[in-house]
Amino acid sequence: EASGDEDSKDMIDEIKDELEQLKVQLQPLSQRMHKSLIPVLNPDDVEDLTSSDVVIDIRAGTGGDEACLFAAEIMAGYEAIAKSGGDGGKSWDIEILSCSTTDLGGVKEASLAVSSRGGGGGGGYGYESFDVASDDAPEDEDMAQKLLQQLGPYGFFQYESGVHRVQRVPVNDNKLQTSAVAVGVLPAIPEGALGN
(Lines give C-alpha, C1' and ligand atoms only; values in the text may rest on other atoms or scores of the structure.)
Protein backbone atom coordinates (compact mmCIF):
# COMPACT_ATOMS: atom_id res chain seq x y z
CA GLU A 1 0.00 0.00 0.00
CA ALA A 2 2.92 2.32 0.70
CA SER A 3 4.15 1.90 -2.87
CA GLY A 4 0.80 3.24 -4.11
CA ASP A 5 1.33 6.47 -2.12
CA GLU A 6 4.87 6.74 -3.49
CA ASP A 7 3.56 6.23 -7.03
CA SER A 8 1.01 9.00 -6.47
CA LYS A 9 3.67 11.36 -5.13
CA ASP A 10 5.96 10.50 -8.03
CA MET A 11 3.11 11.16 -10.46
CA ILE A 12 2.33 14.52 -8.81
CA ASP A 13 6.01 15.51 -8.89
CA GLU A 14 6.24 14.51 -12.54
CA ILE A 15 3.11 16.54 -13.38
CA LYS A 16 4.48 19.58 -11.53
CA ASP A 17 7.80 19.33 -13.38
CA GLU A 18 6.02 19.03 -16.71
CA LEU A 19 3.79 22.01 -15.85
CA GLU A 20 6.85 24.15 -15.10
CA GLN A 21 8.45 23.12 -18.40
CA LEU A 22 5.25 24.03 -20.25
CA LYS A 23 5.12 27.45 -18.55
CA VAL A 24 8.68 28.14 -19.69
CA GLN A 25 7.79 27.09 -23.25
CA LEU A 26 4.57 29.13 -23.21
CA GLN A 27 6.15 32.53 -22.56
CA PRO A 28 8.05 32.88 -25.86
CA LEU A 29 5.08 31.46 -27.76
CA SER A 30 2.78 33.95 -26.11
CA GLN A 31 5.11 36.83 -26.97
CA ARG A 32 5.32 35.65 -30.58
CA MET A 33 1.52 35.48 -30.69
CA HIS A 34 1.27 39.09 -29.49
CA LYS A 35 3.78 40.11 -32.14
CA SER A 36 1.86 38.27 -34.86
CA LEU A 37 -1.37 40.01 -33.89
CA ILE A 38 0.13 43.38 -34.71
CA PRO A 39 -0.73 44.19 -38.30
CA VAL A 40 2.10 44.14 -40.80
CA LEU A 41 2.30 47.76 -41.76
CA ASN A 42 3.46 49.54 -44.81
CA PRO A 43 5.70 52.34 -43.44
CA ASP A 44 3.33 54.85 -45.05
CA ASP A 45 0.45 53.45 -42.94
CA VAL A 46 2.19 53.65 -39.56
CA GLU A 47 1.15 57.28 -39.06
CA ASP A 48 -2.51 56.36 -39.72
CA LEU A 49 -2.42 53.67 -37.07
CA THR A 50 -0.75 55.66 -34.36
CA SER A 51 -2.05 59.16 -34.60
CA SER A 52 -4.93 59.38 -37.01
CA ASP A 53 -8.22 60.63 -35.72
CA VAL A 54 -11.22 58.47 -36.51
CA VAL A 55 -14.79 58.83 -37.72
CA ILE A 56 -17.13 56.14 -36.41
CA ASP A 57 -20.45 55.60 -38.17
CA ILE A 58 -23.12 53.61 -36.27
CA ARG A 59 -26.37 52.46 -37.92
CA ALA A 60 -29.16 50.37 -36.44
CA GLY A 61 -29.97 47.37 -38.62
CA THR A 62 -32.51 44.59 -38.29
CA GLY A 63 -34.46 44.47 -35.05
CA GLY A 64 -36.49 47.68 -35.07
CA ASP A 65 -36.57 49.59 -31.79
CA GLU A 66 -34.35 47.00 -30.09
CA ALA A 67 -31.66 47.52 -32.74
CA CYS A 68 -31.85 51.26 -32.06
CA LEU A 69 -31.45 50.65 -28.32
CA PHE A 70 -28.47 48.39 -29.04
CA ALA A 71 -26.96 51.09 -31.28
CA ALA A 72 -27.35 53.59 -28.41
CA GLU A 73 -25.50 51.21 -26.08
CA ILE A 74 -22.68 50.77 -28.60
CA MET A 75 -22.43 54.53 -29.06
CA ALA A 76 -22.32 55.07 -25.27
CA GLY A 77 -19.59 52.42 -25.00
CA TYR A 78 -17.48 54.06 -27.70
CA GLU A 79 -17.91 57.45 -26.04
CA ALA A 80 -16.80 56.01 -22.69
CA ILE A 81 -13.75 54.38 -24.30
CA ALA A 82 -12.86 57.62 -26.10
CA LYS A 83 -13.14 59.63 -22.88
CA SER A 84 -10.63 57.25 -21.28
CA GLY A 85 -8.32 57.38 -24.33
CA GLY A 86 -8.72 53.70 -25.07
CA ASP A 87 -6.56 52.04 -22.45
CA GLY A 88 -3.94 54.75 -22.73
CA GLY A 89 -5.36 56.57 -19.74
CA LYS A 90 -5.62 59.97 -21.42
CA SER A 91 -8.82 61.46 -22.71
CA TRP A 92 -9.51 61.74 -26.41
CA ASP A 93 -11.77 64.47 -27.75
CA ILE A 94 -15.11 63.24 -29.05
CA GLU A 95 -17.55 65.12 -31.23
CA ILE A 96 -20.98 63.89 -32.27
CA LEU A 97 -21.20 64.83 -35.94
CA SER A 98 -24.79 63.62 -36.36
CA CYS A 99 -27.27 61.58 -34.36
CA SER A 100 -30.83 60.50 -35.12
CA THR A 101 -32.63 59.18 -32.04
CA THR A 102 -35.91 57.37 -31.34
CA ASP A 103 -38.60 58.07 -28.75
CA LEU A 104 -37.32 55.18 -26.61
CA GLY A 105 -33.81 56.66 -26.42
CA GLY A 106 -32.38 54.51 -29.18
CA VAL A 107 -30.12 55.64 -32.01
CA LYS A 108 -31.11 55.12 -35.64
CA GLU A 109 -27.78 56.43 -36.91
CA ALA A 110 -24.89 58.40 -35.51
CA SER A 111 -21.48 59.62 -36.60
CA LEU A 112 -18.74 60.34 -34.09
CA ALA A 113 -15.34 61.95 -34.56
CA VAL A 114 -12.65 60.93 -32.06
CA SER A 115 -9.45 62.94 -31.91
CA SER A 116 -6.22 62.41 -29.99
CA ARG A 117 -5.67 66.17 -29.86
CA GLY A 118 -7.03 65.97 -26.31
CA GLY A 119 -3.71 64.49 -25.27
CA GLY A 120 -4.31 60.76 -25.39
CA GLY A 121 -2.89 57.91 -27.42
CA GLY A 122 -0.64 57.94 -30.40
CA GLY A 123 3.06 58.21 -30.55
CA GLY A 124 5.82 55.83 -31.33
CA TYR A 125 4.13 52.76 -32.73
CA GLY A 126 6.50 49.93 -33.21
CA TYR A 127 7.34 46.51 -32.02
CA GLU A 128 11.05 47.13 -32.11
CA SER A 129 10.97 48.15 -28.44
CA PHE A 130 10.12 44.54 -27.55
CA ASP A 131 12.95 42.09 -27.94
CA VAL A 132 11.15 38.76 -27.67
CA ALA A 133 14.39 36.84 -27.19
CA SER A 134 15.73 39.03 -24.39
CA ASP A 135 15.50 38.14 -20.73
CA ASP A 136 13.97 41.51 -19.88
CA ALA A 137 11.08 41.11 -22.32
CA PRO A 138 7.87 42.43 -20.76
CA GLU A 139 5.18 40.15 -19.43
CA ASP A 140 2.19 39.55 -21.72
CA GLU A 141 -0.01 42.02 -19.83
CA ASP A 142 2.70 44.70 -19.87
CA MET A 143 3.23 44.17 -23.59
CA ALA A 144 -0.48 44.39 -24.37
CA GLN A 145 -0.83 47.54 -22.24
CA LYS A 146 2.12 49.22 -23.97
CA LEU A 147 0.73 48.39 -27.40
CA LEU A 148 -2.66 49.83 -26.46
CA GLN A 149 -1.03 53.01 -25.21
CA GLN A 150 0.72 53.48 -28.54
CA LEU A 151 -2.47 53.38 -30.59
CA GLY A 152 -4.29 56.53 -31.56
CA PRO A 153 -8.06 56.63 -32.04
CA TYR A 154 -8.03 54.98 -35.48
CA GLY A 155 -5.60 52.28 -34.41
CA PHE A 156 -7.74 51.53 -31.37
CA PHE A 157 -11.17 51.49 -33.04
CA GLN A 158 -10.33 50.10 -36.50
CA TYR A 159 -11.29 46.52 -35.64
CA GLU A 160 -14.76 47.56 -34.44
CA SER A 161 -15.80 47.91 -38.08
CA GLY A 162 -18.49 45.42 -39.10
CA VAL A 163 -21.84 44.11 -37.96
CA HIS A 164 -22.48 43.72 -34.24
CA ARG A 165 -25.30 41.36 -33.26
CA VAL A 166 -27.11 40.73 -30.00
CA GLN A 167 -29.77 38.25 -28.92
CA ARG A 168 -31.71 39.26 -25.84
CA VAL A 169 -35.15 39.97 -24.44
CA PRO A 170 -35.62 43.68 -25.09
CA VAL A 171 -37.02 46.15 -22.57
CA ASN A 172 -40.00 46.81 -24.84
CA ASP A 173 -40.96 43.13 -25.42
CA ASN A 174 -41.07 39.77 -23.63
CA LYS A 175 -39.52 37.39 -26.18
CA LEU A 176 -35.99 36.81 -27.41
CA GLN A 177 -35.05 39.02 -30.33
CA THR A 178 -32.01 39.30 -32.57
CA SER A 179 -30.82 42.78 -33.43
CA ALA A 180 -27.92 44.05 -35.49
CA VAL A 181 -25.96 47.26 -35.72
CA ALA A 182 -23.50 48.19 -38.49
CA VAL A 183 -20.35 50.09 -37.49
CA GLY A 184 -18.03 51.77 -39.96
CA VAL A 185 -14.61 53.02 -38.83
CA LEU A 186 -12.61 55.35 -41.07
CA PRO A 187 -9.45 57.36 -40.47
CA ALA A 188 -10.22 61.07 -40.42
CA ILE A 189 -8.75 63.02 -43.30
CA PRO A 190 -6.63 65.88 -41.95
CA GLU A 191 -7.42 69.38 -43.13
CA GLY A 192 -5.48 70.25 -46.26
CA ALA A 193 -4.74 66.62 -47.08
CA LEU A 194 -6.98 66.67 -50.13
CA GLY A 195 -5.85 68.52 -53.21
CA ASN A 196 -8.07 70.89 -55.15
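In the predicted model, I58 is bridged to V183, a residue of β5. This pair belongs to the junction of β1 and β5, two antiparallel strands joined by seven bridges. Strands of a sheet pair through backbone hydrogen bonds, in either a parallel or an antiparallel manner.

The β1-β5 pairing forms part of an open sheet of five strands, arranged in the order β2-β3-β1-β5-β4 with antiparallel pairing. The edges of the sheet are occupied by β2 (93-101) and β4; each has a single partner strand, so one side of each is left without a neighbour in the sheet. From one strand to the next, the twist averages 15°. The helix α3 lies across β1, β2, β3, β4 and β5, and runs at about 40° to β5.

Nonpolar side chains tend to be buried together in soluble globular proteins. In the present model, the largest nonpolar core comprises 21 residues, among which I56, I58, Y78 and F157 touch the most other members. Two or more residues are given to this core by each of β1 (54-60), α3 (64-83), β3 (107-115), α5 (153-157) and β5 (177-187). The largest share is that of α3, which supplies seven residues. The helix that lies across the strands of the sheet is thus also the element with the largest share of the core.

The surroundings of Y78 were examined with neighbours within four places in sequence left aside. On this basis, Y78 is in contact with I56, I58, F157, L112 and V183, as well as with E160 and H164. These contacts include both I58 and V183, the two residues that are bridge partners between the strands. Three of the residues named in this set, I56, I58 and F157, are listed together with Y78 as touching the most other members of the core.

Beyond α5, Q158 is located in the loop that leads from this helix to β4 (162-168). Q158 is classed as buried because its relative accessibility, 17%, falls under the 20% limit. A polar contact of 3.3 Å links the side chain of Q158 to the side chain of Y159.

Cysteine residues were also considered. C68 has a relative accessible area of 8% and is therefore buried, whereas C99, at 36% relative accessibility, is partly exposed because this value lies between the limits of 20% and 50%. With sulfur atoms required to lie within 2.5 Å of each other, the number of disulfides in the model is zero.

Methods:
Residues are numbered from 1 along each chain as its sequence is written. This is a predicted model: local features need pLDDT of at least 70, side-chain atom pairs count only at pLDDT 80 or more; totals for chains, interfaces and linings use all residues. Side-chain values use heavy atoms; hydrogens and water are left out. Buried means under 20% relative accessible area, exposed over 50%, partly exposed in between (1.4 Å probe, protein chains only). A nonpolar core is a set of buried Ala, Val, Leu, Ile, Met, Phe, Trp, Tyr and Cys residues joined through side-chain atoms within 4.5 Å. Helices (H or I, at least four residues) and strands (E, at least two) are DSSP runs, numbered from the N terminus. Contact means heavy atoms within 4.5 Å. A polar contact is a pair of N or O atoms within 3.5 Å; within protein, one must be able to donate a hydrogen and the other to accept it, and residues adjacent in sequence count only if both atoms are side-chain atoms. Two strands pair if DSSP finds at least two bridges between them. Axes are lines fitted to C-alpha atoms, for helices over the stretch in contact, and angles run from 0 to 180 degrees between N-to-C directions.
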